[in-house]
Amino acid sequence: MTSERRDAPVPVPPTATYRLQLQPGFPFRAAAAAVPYLDSLGVSHLHLSPVLEAVPGSPHGYDVVDPTRVRGELGGEEGLRALARTAREHGLGLVVDIVPNHMAMAPRHNRALWEVLREGPESPYARWFDIDWAAQGGQVLLPVLGGPLGSELAQLRVDGDVLRYHDHAFPLREGTEALPLPRLMDAQWYRPVWWRLARTELNYRRFFSISELIGVRVEDPEVFEATHGTILRLLHEGVVDGLRVDHPDGLADPDGYLERLHEASGGRWTVVEKILADRERLPDSWPVAGTTGYDALRRVDGLFTDPAGAGELRARYRRFAAPQTDRGGDWAATVRRAAYGVLGHELAAETDRLTRLASRVCAASADPALRDRAPWALRTALEELLVRLEVYRPYASGDPAAVVTEAAARAARQAFVVPEEAGAVDVVRGLVLGGEGAAGAEFRARFAQTASALRAKSVEDTAFYRYVPLLAANEVGGDPGAPGGSPADFHAYCARVQRDWPTGGTVVSTHDTKRSADVRAALAVLTECPRRWADVLEEVTRAKEGEQDEQEVPDGQLAWAAWQTVFGLGPAAPERVQEALLKHVREAGLYTSWTEQEPPYEEAVAAFVAAGPCGPPGERIAALRGELEPFIRANVLGTALVQLTMPGVPDLYQGTESEYRALVDPDNRRPVRFPPERPGVKDAVTAAALRLRRRRPEVFGVPATYEPLAAEGAAAAHCLAFARSGRVVTAVTRLSLRLAETGGWRETRLALPPGRWIDVLAPAREFTGHARVAELFEALPVALLERAEGDGD
């Protein structure tokens, strides 16, 4: 293999990245074929989903089995190098997604894990995995059995030096092959168990509550070197130019990990998938370009959501969904209920381990007030503190005292049954902020890891499916309890980003978004016409009741979500809607779930969706969407142009340069065509903005400036505008339905910076001074202006 090492300086940050979802059906070769088109679109880098060896057939690559090899199903390292060469020939670089937190719990394919299960804690790979060897008699519990061991014993068989169970295979410890099965179970470094025991007894750290993904100890320098060697080599050889770090919240020491990665990578452009709460800031000390951009998504979506209309929509939802509103009518209460459920169910094993650690730290303390704390009181205090922590995790480099103390104060105000529980909250708060010794340090790390898993599982994977007044607000990093935002808030956010994280990422659609930006853009229009939506819903409900028994509507919450889903998605194959709504009810976990499925309820859901939203009554929803199409279009184009020109590096998800309507995965991982079959207005707007960014990097990157522009006149609030470095102006229409209902733009004007401004989307048009907004948006509800060359600064 020839070396492609290059001695050139570290590449400059991307001007824009384009996310490609690699999988066996779309390997490196297919990505290379798309390069000429993506170059013409105007991006500077391809953003690749994980490229290291994963479970065979994996459609996403986050289930890594061998971090030392490039995935063979994608074309191997030669295929990746060929893609890099093709990209460079067109002036493009590569950014790669890396997964430091976990690997696949798939011994058949994960060679390192296979060795650990065969050799136990003495294996050289044992330090790779986050396993509690002191628990469960020193055996790793493997939750693979379909029932209790006694009932499944007959399905287990020895095949040479391998133990097989259906399609699972596990190594046998040397010299145990001839043992009878019952004795064999006790002679291994692992024990297959009923999968339901994953809730309470597992002794390895998982990714969230996914038992198929085992935590990796990258805080260990040797493990870091072993698991990152291949990616770092590809970086230094010029095959890869930048990194996206998946889920740093799950790591024991994110601060230390990012420092080590920064040093090892030579300071390459790196963004982190960090979900920030509303008032949370990315730690200034992190040596990264910024987040992947979910914080930007929330601000952009907020521009096109009417807060007052969202409040009215919520009130109508509560009436429509009664009597289920006590289980989904209030956002904060919904999150708390979900969190309690997750701690006692999916994360019960993690909560037990935290309680044991807290008890151990207290027992070793010289302070009698700590030594005497009962485990049951510590557990209650832990749960109350975790439930009320409003960030994913506290960081040593941030201000952990503030967020933890605030959560503890809220927990202490609760009506505890006995004083012992209330006092234990202060004890746990102290442990989180500074427990003593090695056990204290371990407690702090595991508390933070559990907090992030709880937040993700209870909010993103549960509460988002229970609280559904406005589905567009139920997005990663969002706040469904307070959807919408003002232009002033948006401008303040952009000014902060330009100052602190000017080359961080921005996104509006990703492989993890519950709904693509264009679906959310359509749903946001409902906040401008909540009464109209409610009237249409009453109409379709009456129509459906006239055709079949009302009992066939499973519940009001599901019905409301289903009607919004078909409105946002527009015309689509019914099976796409069915699949998304089946996932919806299982994630909600109110009447069925992934682990405890209720076929009668799920059948009722399927029947309702087929006969209602995907049946004749759904035609009325489609008609409403058609009536609102001009306003949906304004949101779609406005969202796209704002993301592409605001501070930060925009990441486009595959296919989203065109109108792209997708639901939650796997719907949003469907293959796309390059180039699009029928490019439209959104394609033209996207390409114009991307080419401008690539042509004028100094306008958008570092150094660059961001200046809010204020419109004047009766409809000024409906124009969102800003200038970049005095050279480019973005203007978009917001809340366009409200605008139309109140008389349109009339004489509203936008004061442009000095100079002569050419419309990039229609170069024959020019503007100077105070432009009439009606003329600015004469052809499109958005405008992108560039100052003419030669005009004075």
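# A selection tour from strand 15 outward

Strand 15 and strand 16 (residues 290-291) pair in the parallel sense, with 2 bridges between them. The model on screen is predicted. In this pairing, select Val 271 and look across to strand 16, where Gly 290 stands opposite.

**Stop 1: strand 15**

Select residues 269-272, which make up strand 15. Trp 269 and Val 271 point one way from the strand, while Thr 270 and Val 272 point the other way. In a regular strand the side chains alternate between the two faces of the sheet. Are these four residues of strand 15 buried or exposed? Trp 269, Thr 270, Val 271 and Val 272 are all buried.

**Stop 2: strand 14 and the crossover**

Add residues 242-245, strand 14, which runs parallel to strand 15 and is joined to it by 4 bridges. Leu 243 is the residue that stands opposite Thr 270 of strand 15. Next add residues 254-265, helix 7. Which unit do strand 14, helix 7 and strand 15 make? The three elements form a β-α-β unit, and it is right-handed.

**Stop 3: Asp 97 and Arg 244**

Stay on strand 14 and show the side chain of Arg 244, together with that of Asp 97. The two meet in a salt bridge, at 2.9 Å from N to O. Asp 97 belongs to strand 5 (residues 93-98) and Arg 244 to strand 14, so the pair ties together parts that are 147 residues apart in sequence. Asp 97 has 2% relative accessibility and counts as buried. Arg 244 is buried too, its relative accessible area being 4%. The structure holds 67 salt bridges, and two further ones are visited below.

**Stop 4: helix 16**

Select residues 437-460, helix 16, and show Glu 442 and Arg 446. Their side chains meet in a salt bridge of 3.0 Å, N to O. Within the helix the two are 4 residues apart, which means a separation of about one helical turn. Arg 446 counts as buried at 14% relative accessibility, whereas Glu 442, at 27%, counts as partly exposed.

**Stop 5: Arg 696 and Glu 786**

Select Arg 696 and Glu 786, which form a salt bridge with the closest N and O atoms 2.9 Å apart. Arg 696 lies in the loop between helix 25 (681-695) and helix 26 (697-700), and Glu 786 lies in strand 27 (residues 782-787), so the bridge ties together parts that are 90 residues apart in sequence. Both ends are buried: Arg 696 has a relative accessible area of 10%, and Glu 786 has one of 11%.

Now widen the selection to Asp 130, Asp 132, Arg 205, Arg 353, Arg 356, Arg 360, Glu 442 and Arg 446, which salt bridges with shared partners join into one network. The last two names are the pair from helix 16.

**Stop 6: an open sheet**

Select strands 20, 23 and 26, which make an open sheet in the order 20-23-26, with antiparallel pairing. Strand 20 (711-712) and strand 26 (770-772) are the edges, each with a single partner strand, so one side of each is left without a neighbour in the sheet. Strand 20 pairs with strand 23 (residues 749-751) over 2 bridges in the antiparallel sense. Which residue of strand 23 is the bridge partner of Glu 712? It is Arg 749.

**Stop 7: helix 1**

Finish at Ala 34, which is found in helix 1 (residues 28-41). Ala 34 counts as buried at 3% relative accessibility. For a distance check, pick the C-alpha atoms of Ala 34 and Asn 203: the residues are 169 apart in sequence and 44 Å apart in space.

Methods
Residues are numbered from 1 along each chain as its sequence is written. This is a predicted model: local features need pLDDT of at least 70, side-chain atom pairs count only at pLDDT 80 or more; totals for chains, interfaces and linings use all residues. Side-chain values use heavy atoms; hydrogens and water are left out. Buried means under 20% relative accessible area, exposed over 50%, partly exposed in between (1.4 Å probe, protein chains only). Two strands pair if DSSP finds at least two bridges between them. A crossover is right-handed if, with the strands pointing away from the viewer, the path from the first strand over the helix to the second runs clockwise. A salt bridge is a side-chain nitrogen of Lys or Arg within 4 Å of a carboxyl oxygen of Asp or Glu.
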